[in-house]
Amino acid sequence: MTTPLSNTKVVEFAGLAPGPFCGLFLADWGASVTRIDRPGQAAPAASRDLLARGKRSIAVNLKARGGTELLKKLIAQADVLIDPFRPGVLERLGLGPDVFLGEHGLNPKLIYTRVVGQVIFSPSGHHKDMAGHDLNYLAISGVLSMMPPSRSDGRPSFPINLLADFAGGGLMAATGVLLALLERHRSGLGQVVETDMVSGARYVSTFPLIHHALHSPLFSNPAGGNPLDGGAPYYGVYRCKDDGWFSVGALEPQFFAKLLEGLLAALPTDFNVPNLKHGPFWRPTPQKQLVEEEWADMRAFFEAVFLTKTRDQWTEVFDGKDACAVPVLTPAEAAAHSTTHSPIPHPHPSLSRTPAPASVPESAASQTLNTAFSVDPGTHTDEILRDLGVSHDEQQRLIEEGVIGNARKTPAGAL
């Protein structure tokens, strides 16, 4: 089956999170992705790359004589290069963009893709050469300060490492690759795709940042006091009787009315929340949704109401109703509800004529998942060298000189 990126060759230097995810995205849509690893170094379990689905691995020692030349040969035949290192690393190894691009480069059609922390956002700032991770980039971007407080001291919460590493980093880099490949059809030339996770996190946060800059009612108050960051009682998460959780996103008046209809119909007539400003037996009404002075009592009412039933009972109450109220599912529950029933997400979006190959196992067994989503460094070294036209004698010489690790045979079903 032809896929959108069939016959596209990608070279990915091994890294963490954003670079591997960019490579995973390209591999999922049919690209041939070769990961460059260091010989003889197995990753610890905690940092093992589980974003290697559909990739091959070659182990090359860049510090050994001949390692750079071998990679020049590999990259000269590639369409895309993914560089996950700090600025200047590949240049010092003799593998910078100037080696490949331009009139006299080894591969003028190469899409040279960089994924870094913050060099573009702050090229001369004192943070640009410092080590960092998703949380640090989110902090520098200004977006973390807008997140809902996680504690009473106002400390911002954060969405694990999704926003900078994956949305603003890996996915933004993959988007850049696709744009550059599309442009290459017109010009016949490659180019450098620069992705930094600070700028990427800011770009995917354009909506709240624009509203904040314009002092819009959506984000005019401090974090935790606005309609979309937990300030409004009709947009939040509530604990249920069984300690499950229920999400409420009834922003529009018609949905808020349905929310109240479902909540009030499920309550006994004598239900009462004590110590409300409005007195005993108070009930919220649709007309008061946007009256901020009502929000404290409304929140207390919602909190008390949701504690009267289990999460699954509330699910039955709102099933089929346009109240924007649904249960918070665990990963296993979400998998059971998905169309694939797989614990692992399938490639997305879905294309009708050229879909992504079926590469996600249905089994949740850890051994199956490890086989499908990780690859040991150097597993495909001999196979990749054959594709490059390296003879057996030359391969043995590279092993003796320490340029490559001992080649490993590709396990059946690893790709």
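**View 1. An open sheet of three strands follows the order β7-β8-β9, with antiparallel pairing.** Its edge strands, each of which pairs on one side only, are β7 (235–239) and β9 (325–327). Neighbouring strands of this sheet are turned against each other by 20° on average, direction ignored. The model shown is predicted, so that local features need pLDDT of at least 70 and side-chain atom pairs count only at pLDDT 80 or more, whereas totals for chains, interfaces and linings use all residues. Residues are numbered from 1 along each chain as its sequence is written, and side-chain values use heavy atoms, with hydrogens and water left out. Strands (E, at least two residues) and helices (H or I, at least four) are DSSP runs numbered from the N terminus, and two strands pair if DSSP finds at least two bridges between them.

**View 2. Helix α10 (residues 295–306) lies across β7 and β8.** The helix runs at about 40° to β7, where axes are lines fitted to C-alpha atoms, for helices over the stretch in contact (heavy atoms within 4.5 Å), and angles run from 0 to 180 degrees between N-to-C directions. Beneath this title also belong the five bridges over which β7 and β8 (residues 245–249) pair in the antiparallel sense, and W245 in β8 is the bridge partner of R239.

**View 3. S342 is placed in the loop between α12 (331–337) and α13 (366–373).** This serine counts as buried at 5% relative accessibility, where buried means under 20% relative accessible area, exposed over 50% and partly exposed in between (1.4 Å probe, protein chains only). The side chain of S342 reaches the backbone nitrogen of I344 at 3.1 Å.

Note on methods
A polar contact is a pair of N or O atoms within 3.5 Å; within protein, one must be able to donate a hydrogen and the other to accept it, and residues adjacent in sequence count only if both atoms are side-chain atoms.
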